[in-house]
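Trainee: I have a model with a ligand open on my screen. Can you walk me through how to read it?

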Amino acid sequence: MKKVCVVTGGGSGIGFAAAKEAAKKGYYVMIVGRNEKKLAGAVEELRKDGCEAEAYSCDVSDREHCFALARHAAECGAVKAVLHIAGMSPHMGDAEKIMQANALGTVNINDAFFEVIAEGGCVIDTSSTSAYMAPSFIMPKRVYPLACTDRKLFMDKMMKKVKMFPRKTREGVAYSMSKHFTIWFAKQDAARFARKNARVLSITPGNFETPLGNLEKEEASTYLKFAAIKRNGLPEEIAPLYVALIDERLSYLTGTDILCDGGCIAGGASAFAR
Ligand SMILES: NC(=O)c1ccc[n+]([C@@H]2O[C@H](COP(=O)([O-])OP(=O)(O)OC[C@H]3O[C@@H](n4cnc5c(N)ncnc54)[C@H](OP(=O)(O)O)[C@@H]3O)[C@@H](O)[C@H]2O)c1
């Protein structure tokens, strides 16, 4: 039976690098995103290297789409890994779209794959250092549990909080809140997946040279002085982390976030220190 690794956001940047790593390790890789042309190019490149891969077009903010994706993945083999890397940055859409893609998208993917994850499987969600840098007191933590019971109310309350901020900052605020939520969600979801003998983790990337990272480069460069490594990371420097963490021998590692940021947060980067 094939070992399936689903990579959302696998058409570019960190996701594509992770898809290549997973394919090299012998996984049947399913590359997920919205842009079919980009997905087809990524799959072609993997196949050229002799790897098994397919493209699946899916918007992670569409819940039904995510469940269909999960069902399809399970038909292809044992779903051993879900690298949920898709995400939208502040320059990629309005605040509501960002919240839907990053926060609800994570809920949708975890919920959908909970149904089909194989024993020993692992889901890795993706956050951002902006979750660590934004002041914790602005995060609507009491709203987060609603994501598990009433997603509409969750969205309404999250957006209400975002709209308390000046208009020109709202995309950035929505991004930070959605990524702060992602860490919380992955942590609390570990117990549910443990009942199926599966794990949930999150990875928090710092600044990486990707299409998304390049859009945020100017803002990100203000924090480089705090980093131990004074340059942006390359996708190839984080992709092996995703694939290392899905190793079934790491069966006691769950419910935690792993930072890969060149030591930026450790160096004291925060919204109050720029
Ligand atoms: N690069 C950085 O500096 C950095 C820093 C912190 C966190 N991150 C996080 O790392 C992850 C990967 O980003 P990246 O830097 O590799 O950027 P990227 O190359 O732009 O990748 C983002 C991917 O997400 C997909 N995507 C976006 N919205 C989607 C949706 N609604 N449904 C399905 N797919 C969607 C995009 O594919 P389609 O266009 O085909 O939909 C794209 O391939 C993101 O979650 C990002 O927030 C990146």
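Mentor: Sure. Let's fix one idea before we look: a residue is near a molecule if one of its heavy atoms lies within 4 Å of it. Bear in mind that this is a predicted model.

Trainee: Good. Which residues come nearest to the ligand?

Mentor: There are 30 residues around the ligand, and Ser12, Ile14, Arg34, Gly206 and Thr210 come nearest.

Trainee: How do I read polar contacts to the backbone there?

Mentor: Look for a pair of N or O atoms within 3.5 Å. Here, a polar backbone atom of Ile14 sits 2.8 Å from an oxygen atom of the ligand. For Gly87, a polar backbone atom is 3.3 Å from a ligand oxygen, and for Gly13 a backbone N or O atom is 3.4 Å from one.

Trainee: How much of the ligand's area does the protein bury?

Mentor: The protein buries 95% of the 870 Å² that the ligand exposes when taken alone.

Trainee: And which elements give two or more residues to the shell?

Mentor: Those are helix H1 (13-24), helix H7 (170-194) and helix H8 (211-215). H8 gives the most, with three residues. By class, the shell has 13 nonpolar, 13 polar and four charged residues.

Trainee: Moving on to helix packing: at what angle do H3 and H4 pack?

Mentor: Angles here run from 0 to 180 degrees between N-to-C directions. Helix H3 (residues 63-76) and helix H4 (residues 95-114) pack at about 35 degrees, and their axes are 8 Å apart. Their crossing is right-handed.

Trainee: Which residues make that contact?

Mentor: H3 brings Arg63, Cys66, Phe67, Leu69, Ala70 and Ala73, while H4 brings Val107, Asn108, Ile109, Asp111, Ala112 and Phe113. Sorted by class, nine of these are nonpolar, one is polar and two are charged.

Trainee: Last one, a single residue. Where is Glu21 placed, and what does Glu21 touch?

Mentor: Glu21 belongs to helix H1. Leaving aside residues up to four places away in sequence, Glu21 touches Ala239, Pro240 and Val243. Glu21 and Glu236 are 215 residues apart in sequence, yet their C-alpha atoms are 8.8 Å apart in space. Also, the side chains of Glu21 and Lys24 are joined by a polar contact of 3.2 Å.

Terms used
Residues numbered from 1 in each chain as written. Predicted model: local features only at pLDDT ≥ 70, side-chain atom pairs only at ≥ 80, totals over all residues. Heavy atoms only, no water. Polar contact = N/O pair within 3.5 Å; in protein donor to acceptor, adjacent residues only side chain to side chain. Areas by Shrake-Rupley, 256 points an atom, 1.4 Å probe, with all protein chains shown as cover. Helix = DSSP H or I, 4+ residues; strand = E, 2+ residues; numbered from the N terminus. Nonpolar A, V, L, I, M, F, W, Y, C, P; charged D, E, K, R; others polar. Left-handed = near helix turned anticlockwise from the far one by under 90°. Contact = heavy atoms within 4.5 Å.
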